Amino acid sequence: MKNHNQLLYKMVLTAIFSALCFVGVYIKIQLPVGMIHLGNFICIMASLLCGGMIGGISGALGMGISDIIYYGGFSVGVLRTLILKFGMGVIVGVAFRLFYKRKWNPRILNSICMVVFLVLFGLSIFGCAVGGMDMMGKHINIHFTIPIFLGLVTLLFVLVLIFDHKLNTISKIALSATSFGIIFNIFGEIYIKALLYYWIDSKYTSFDGAYAYAISGIPSLAITSAITCLLSAFIFYPLFNATKNYMNFNLINEEE
């Protein structure tokens with residue numbers, strides 16, 4: 001009976017956060033291409049508080065239904081949202097519980113990630129400047145958006161390291177986990193989006209066309225990612241404290 005009650009409780013939490021994610025998409029600033037919204041932030045809050053499955057399903061359902069309304073039915077844009085928001089939620093929830101239980105030092109982890117992506121960013125800039133790089137006997141061209149992607153990720157970790165000294169340990173862990181989920185979302189909004197539109201959407205007859213459409217949303221993606229990261233860092237801990245003793249709302253000790 002206890003397991004049935006727990007399952008029902010998780011379903012209720014998923015429904016609540018799905019509705020909040022749906023509303024969060026409409027709390028937005030519209031840009032010429034794309035928009036800045038709070039849907040990702042709510043998805044990540046659900047993952048941090050209640051686990052990756054609840055957060056991932058809530059983000060996919062809430063923002064997916066919003067896209068169904070926007071596109072007037074199921075489309076490749078809806079499929080992209082389902083994949084990316086579910087993946088983002090699961091990654092944040094799993095990473096947060098892993099870092100929390102093993103007591104990893106988030107500052108060391110974030111510093112290592114920043115250095116790795118900074119080196120990759122530098123290599124990609126060099127590759128663009130010299131017209132590509134030779135690897136394993138083959139010449140590889142480097143598209144100018146690759147350093148943009150790596151630069152965004154590096155900047156994300158720089159922001160994390162700048163602000164984490166203002167946070168307590170659990171907030172630092174939450175910020176670190178959030179950054180990994182956002183990296184997946186940034187990657188997906190550029191590369192997975194381009195692949196999906198090229199393979200499925202008939203109006204894109206070449207990958208270059210689908211890729212051009214995907215990268216056109218980079219400005220709104222960058223701003224949304226930074227805002228989501230910072231909001232998650234400073235709002236998570238008050239919510240965590242407020243809910244940790246309330247009817248097992250906070251499922252931080254649950255296994256994923």
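These are my notebook entries on the salt bridges of this structure and on one threonine, Thr14, all looked up in a predicted model.

**Entry 1: salt bridges overall**

I began with a search of the whole structure, which returned 3 salt bridges. I kept in mind that side chains of opposite charge can pair when their charged atoms come close. I then went through the pairs one by one, noting the distance, the helices involved and the burial of each partner.

**Entry 2: Arg80 and Asp67**

I found the side chains of Arg80 and Asp67 joined in a salt bridge, with 3.6 Å from N to O. Looking up where the partners sit, I placed Arg80 in helix H4, which covers residues 76-102, and Asp67 in helix H3, which covers residues 52-71, so that the pair links distant parts of the chain, 13 residues apart. I also checked accessibility for this pair, and both Arg80 and Asp67 are buried.

**Entry 3: Glu189 and Arg80**

Which residue, besides Asp67, meets the side chain of Arg80 in a salt bridge? I found that it is Glu189, at 4.0 Å from N to O. Because Glu189 belongs to helix H7 (residues 169-200) and Arg80 to helix H4, this pair ties together parts that lie 109 residues apart in sequence. For burial I noted a relative accessible area of 14% for Glu189 and of 10% for Arg80; since buried means under 20%, Glu189 counts as buried, and Arg80 does too.

**Entry 4: Lys85 and Glu189**

I next looked at Lys85, whose side chain forms a salt bridge with that of Glu189 at 3.7 Å, N to O. Here again the pair links distant parts of the chain, with Lys85 in helix H4 and Glu189 in helix H7, 104 residues apart. Lys85 has a relative accessibility of 5%, and I therefore recorded it as buried. Putting the pairs together, I noted that salt bridges with shared partners join Asp67, Arg80, Lys85 and Glu189 into one network.

**Entry 5: Thr14**

I then turned to Thr14, which I located in helix H1, residues 2-25. Is Thr14 buried or exposed? Its relative accessibility is 13%, so I entered Thr14 as buried. I asked what its side chain reaches, and found the backbone oxygen of Lys10 at 2.8 Å. Leaving aside the neighbours within four places in sequence, I listed Ile54, Ile57 and Ser58 as the residues in contact with Thr14.

Conventions: Residues numbered from 1 in each chain as written. Predicted model: local features only at pLDDT ≥ 70, side-chain atom pairs only at ≥ 80, totals over all residues. Heavy atoms only, no water. Helix = DSSP H or I, 4+ residues; strand = E, 2+ residues; numbered from the N terminus. Buried < 20%, exposed > 50% of the residue type's maximum accessible area, 1.4 Å probe, protein only. Polar contact = N/O pair within 3.5 Å; in protein donor to acceptor, adjacent residues only side chain to side chain. Contact = heavy atoms within 4.5 Å.
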